[in-house]
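I opened this one with a fresh page and a cup of coffee. Here are my notes, in the order I looked things up.

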Amino acid sequence: MAERGARDTGVRRVGSALSGWLERHLQTLVASLGRLARAPFGTALTIGVIGVALALPTGLELLVVNARVVATGWQNALDLTVYLKPQLAEHDGAQLAERIGARGDVASARLVSAAEGLAEFRRWSGLGAALEALKDNPLPAAIVVEPRVVQGAGDAATVTSLAAALRALPGVDQVQLDTEWVRRFTTILDAVRRTVGLVAALLGLAVLLIVGNTIRLDIDARRVEIEVTKLVGGSDSFVRRPFLYGGFWYGLGGGISAWLLVEGFVLILTGPIGRVAAAYGSGFEVHGPDLETTMLLLGSSGALGWLGAFVSATRHLRAIEPGNDA
Amino acid sequence: MIRFERVVKRYPSGREALADLSLEVATGEMVFLTGRSGAGKSTALKLLGLIERPTRGQIVVAGQNLSAIRRRGVPAYRRQIGMVFQDHKLLHDRPVWDNVALPLVIAGTPRREIDRRVRAALDQVGLLGRELGLPVELSTGEQQRVGIARAVVAKPPLLIADEPTGNLDPDLALEVMRLFRRFNEVGVTVVVASHDLHLIEKLGARCIALADGRLAGAADG
């Protein structure tokens, strides 16, 4: 019984120490916010600069994400063109088309005979006169194959293996994958995305420097207060704490303004891009930052601000000692 | 409580503020450091507060050798002593309450306890009810008393004051000195640097006279 009582008071003591610690930190957190609010113009400037710096990589990332959505839309409507050997009889071609159409991974297969192909080519190439000069039809018969793509899993790999299977069929001359350029496009997107990563790293560094410099100025402005605090026994970490929270607020504020900027762009662009998409018969809509991106943006901006303040405050607070002015 | 052993302090400018100073102050004692300006009083107090470090010699305070206290240990050491300055060193943009509470906030004292002790300290210096005022709204004498309240609020065993009455008229000065006397009566060791011999005579405490950074001869007052 007595033992449990001792343990209880022990737990309570730890609990109250913890809540005291929490209370002190919360107090500093709120106090540093209040301090920023008392200098609204300077604070807004700093936050605005950070916001612009962070909006750039966020916007580029959104561009990549949206381009990807577009590319995925294309990928879902992939067709394979199977060119048949010229010597293959039209009747065999039709049989082959039927066989391909019966496959599980094929949605439809349509035979385009050499004559049909030529007619179609003549129609949209505008080379009618030149084609008249040809003695023979240079085009082979072809089967246009629409792969059966499981929604969401419509990646190039499935289509590529289908193409390989079709290529092995007798009577098939070659298989042309219309996905090829889509794949190239995604590769380019990946390169762009990597560039976005580099830009983000560079601008993250810029945020560190901006916050670091702002905190240095804040420290200069509060020199007397820091000296007095150190005189009455304030430790380095105690003196540093409000500046760290200040840096955190700068960063978070910058993150929020970056988010607002990007959302603003999306709002402005949604109309025009939607009209372009509609003109091309696509239901594409511009995607704004999703929850994950938003969280990442706000979290990293707060962390960057804190880190910038940490580096700057640790460096500059050391130099302020009560005796130095004597 | 305090022991200076052959302490030498030479500033980077080359000025020798203390030259081979040895002295002792017992626990619970009240001592005046006297001497003309430049005699080394302020330097001796700065060494006590670890605001400056001695060039040579040792200082022991409450059993701790100050030369063994590294930079990181300075704040914890300073929390054991109350310091009063001639120019008060108050935060002018913060109310009296915040100024007095600062040492307790640093020490992580619970909020309710802080409030109780800040009021007690302000009561002792006769400024209860002025918590919300800003230092600029107070007279010089009152500002000095806020400084004293801040120095004693954490109940340090040692109180040091550098010319605390330097800017005060004689009546106020005597009042401030009596305040130190009262803290001494409840067991606090008090060291006050002052050049005002007139005032010191009225209080009756040991005087340590300094001249050119040396002991000029200790006398009982």
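**The sheet in chain B**

I began with a pair of strands in chain B: β1(B), residues 2–10, pairs with β2(B) in the antiparallel sense, over six bridges. A reminder to myself before trusting any detail: this is a predicted model. At one point of this pairing I found B:Arg10 standing opposite B:Glu16 of β2(B).

Next I asked in what order the strands of the sheet lie. I read β2-β1-β4-β5 in chain B, an open sheet of four strands with antiparallel pairing. The edges belong to β2 (16–25) and β5 (64–65) of chain B; each has a single partner strand, so one side of each is left without a neighbour in the sheet.

**Where chain B meets chain A**

I then turned to the contact between the chains, which takes 16 residues from chain B and 15 residues from chain A. On the chain B side, α2 (74–78) and α3 (96–107) each supply at least two residues. Which element gives the most to this side? I noted α3(B), with three residues. By class, the chain B side that touches chain A divides into eight nonpolar, one polar and seven charged residues.

**Two domains in chain B**

I looked up the domain assignment of chain B, which gives domain 1 as 1–80 + 160–221 and domain 2 as 89–155. Taken over C-alpha atoms, the centres of these two domains of chain B are separated by 23 Å. Their contact takes eight residues from domain 1 of chain B and nine residues from domain 2 of chain B. I also sorted the domain 1 side by class: the part that touches domain 2 of chain B has six nonpolar, one polar and one charged residues.

**Two positive phi values**

I checked backbone angles and stopped at B:Lys155, which has a positive phi near 50° and is not a glycine. B:Lys155 is found in the loop between α5 (140–152) and β7 (158–162) of chain B. Why do I call B:Lys155 partly exposed? Because 14 other C-beta atoms lie within 10 Å of B:Lys155, and the partly exposed class falls between 12 or fewer for exposed and 20 or more for buried.

Another entry of this kind is B:Glu163, also not a glycine, with a positive phi of about 45°. B:Glu163 is found in the loop between β7 and α6 (170–185) of chain B. Is B:Glu163 buried or exposed? I counted B:Glu163 as buried, because it has 21 other C-beta atoms within 10 Å.

**Nonpolar cores**

The largest nonpolar core has 64 residues, and B:Val100, B:Ala149, B:Leu159 and B:Ile160 touch the most other members. I followed B:Ile160 further: leaving out residues up to four places away in sequence, B:Ile160 touches B:Leu45, B:Leu48, B:Gly49, B:Ile81, B:Met83 and B:Val191. Apart from the largest core lies another, of 30 residues, among them A:Ile47, A:Ile50, A:Tyr245 and A:Phe248.

**Chain A in outline**

I closed with chain A, where I listed 10 helices and four strands. Read along the sequence, the pattern of chain A is α-α-β-α-β-α-α-β-α-β-α-α-α-α. Of the 326 residues in chain A, 26% are buried. Looking at contacts in chain A with a separation of 6 or more, I found that 84% join residues 24 or more positions apart.

Terms used:
Residues are numbered from 1 along each chain as its sequence is written. Chains are lettered from A and ligands numbered from 1 in the order in which they are written. This is a predicted model: local features need pLDDT of at least 70, side-chain atom pairs count only at pLDDT 80 or more; totals for chains, interfaces and linings use all residues. Two strands pair if DSSP finds at least two bridges between them. Two residues are in contact if their C-beta atoms, placed from the backbone, lie within 7 Å. Ala, Val, Leu, Ile, Met, Phe, Trp, Tyr, Cys and Pro count as nonpolar, Asp, Glu, Lys and Arg as charged, and the others, Gly among them, as polar. Domain bounds come from an automatic or database domain assignment. A nonpolar core is a set of buried Ala, Val, Leu, Ile, Met, Phe, Trp, Tyr and Cys residues joined through C-beta atoms within 7 Å.
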